[in-house]
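I opened this notebook to keep track of what I looked up, entry by entry. What follows are my notes in the order in which I made them.

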Amino acid sequence: MTSATIKLFLPRGDAKSLRTAEISNWTGKAVAAPRTELDDLLAREELGKAEVYILIGTDPLANAPRAYVGEAEVIRDRIKQHKTKEFWVSAIVFVSKDENLTKAHVRYLEQRLLVEAAAVNRFTLEQNQAGGSKLPESDREDMEVFFSRIRQLLPVLGCDIITPIAQPAAKPQPGGVLYCRMKDAEARGQRTANGFVVFQGSTASLEDRPSTEKYPNVLAHRKQLVVNGTLIEKSGLFVFTKDVEFTSPSAAAVVIHGGSANGLTAWKTKDGRSLKQLDEQ
């Protein structure tokens, strides 16, 4: 990924409040705000242009991240229409400072965001497809550059919607891929910037151990992963249907063990060195 110098402006001095973000030598600009400051967001001059936007919140039924990706020629009017959507709590808007984004451009960007978000699968999407648009080759290249900057800014603005769960670490992790075993179950994973990822295809114990009675959150988490299809039963084990990020190595290990576990000792390299030993090196 191309290096970048990012300029954040906090009009109220609060990083959770309305803010703008720009990248040096980029014609785009991002404006983000919580829903509680919607009137201030809509009053900004930038929202009178053709733009692509993301509404972010939580699905009340699944208690999982949810998002709506959209575009409009006059974004202010479109976002006003979304007041009826209850789930979202914040909005991020991307606009061109030189006013060169047309309806076709923002439809292209909307489609790229939806395709990437669906592939990453961190968020449930309010909609899963967009019409997109056919652009001349030169315009497509320009929009791909624009999209690459959107990709860089989104995590800075607190949104990982198109950040791969198992993305390569900026620095190789000691020991490489780690393994967590429980009887016939074997999971593979590694540390990430947000915690710990368990890779797709890993297996976990099908049975809950007695220790789950003392740790009801473990049982609840496993049940939620089963309900949403992340864990499916196969050949007497649970199988991970996708990469899953946990808050810590232990949070991942307890789901695999079906009970209490110390992630620092449960996760080991192929040659048997524990995560704790790697950390002590």
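Entry on burial. I looked up how much of the chain is hidden, and found that buried residues make up 46% of the 281 residues in the protein chain. I note here that this is a predicted model, so I read each value as one computed from that prediction. For the surface itself I wrote down about 14,800 Å² exposed by the protein chain, of which carbon and sulfur atoms supply 48%.

Entry on the overall build. I looked up the secondary structure and noted eight helices and 15 strands in the protein chain. The C-alpha trace spans about 60 × 40 × 40 Å along its principal axes. I then turned to contacts between residues at least 6 apart in sequence, and found that 63% of them join residues at least 24 apart.

Entry on charge. I recorded 38 positive and 35 negative side chains in the protein chain, and the centres of these two sets lie 4 Å apart.

Entry on the largest pocket. I looked up its volume, which is about 870 Å³, and then its lining, which consists of 25 residues. Those that lie nearest the centre of the pocket are A64, P65, R122, V244 and E245. Which elements each supply at least two residues of this lining? I found β5 (64-72), α5 (216-227) and β14 (244-246), and of the contributors α5 gives the most, with four residues.

Entry on P216. Having met α5 in the pocket lining, I looked at P216, which is found in that helix. Is P216 buried or exposed? At 53% relative accessibility P216 counts as exposed, because the cut-off for that word is over 50%. I also noted that P216 and G259 are 43 residues apart along the chain, while their C-alpha atoms are separated by 9.5 Å.

Entry on helix α6. I looked up residues 249-257 and found that eight of the nine residues of this helix are buried, so α6 is largely enclosed by the rest of the structure. The buried ones are P249, A251, A252, A253, V254, V255, I256 and H257. After α6 comes G258, whose phi is positive, near 75°.

Entry on positive phi outside glycine. Before going through the backbone angles I reminded myself that most residues other than glycine have a negative phi. Against that background I wrote down K183, which is not a glycine and yet has a positive phi of about 55°. K183 sits in the loop between β8 (178-182) and β9 (185-192), and K183 is exposed, with a relative accessible area of 79%.

I made a second note of this kind for S235, a residue other than glycine whose phi is positive, near 55°. Where does S235 lie? I found S235 in the loop between β12 (231-234) and β13 (237-240), and its relative accessible area of 75% makes S235 exposed. Finally I looked up the spacing of S235 and L206, which are 29 residues apart in sequence and 9.7 Å apart in space, C-alpha to C-alpha.

Note on methods: Residues numbered from 1 in each chain as written. Predicted model: local features only at pLDDT ≥ 70, side-chain atom pairs only at ≥ 80, totals over all residues. Heavy atoms only, no water. Buried < 20%, exposed > 50% of the residue type's maximum accessible area, 1.4 Å probe, protein only. Contact = heavy atoms within 4.5 Å. Areas by Shrake-Rupley, 256 points an atom, 1.4 Å probe, with all protein chains shown as cover. Lys, Arg positive; Asp, Glu negative; His and termini not counted. Charge placed at Lys NZ, Arg CZ, Asp CG, Glu CD. 1 Å grid on protein atoms, 1.4 Å probe; cavity = no way out; pocket = protein on both sides within 12 Å on 5 of 7 lines; lining within 4 Å. Points joined across faces, edges and corners; volume = space filled by probe spheres on them.
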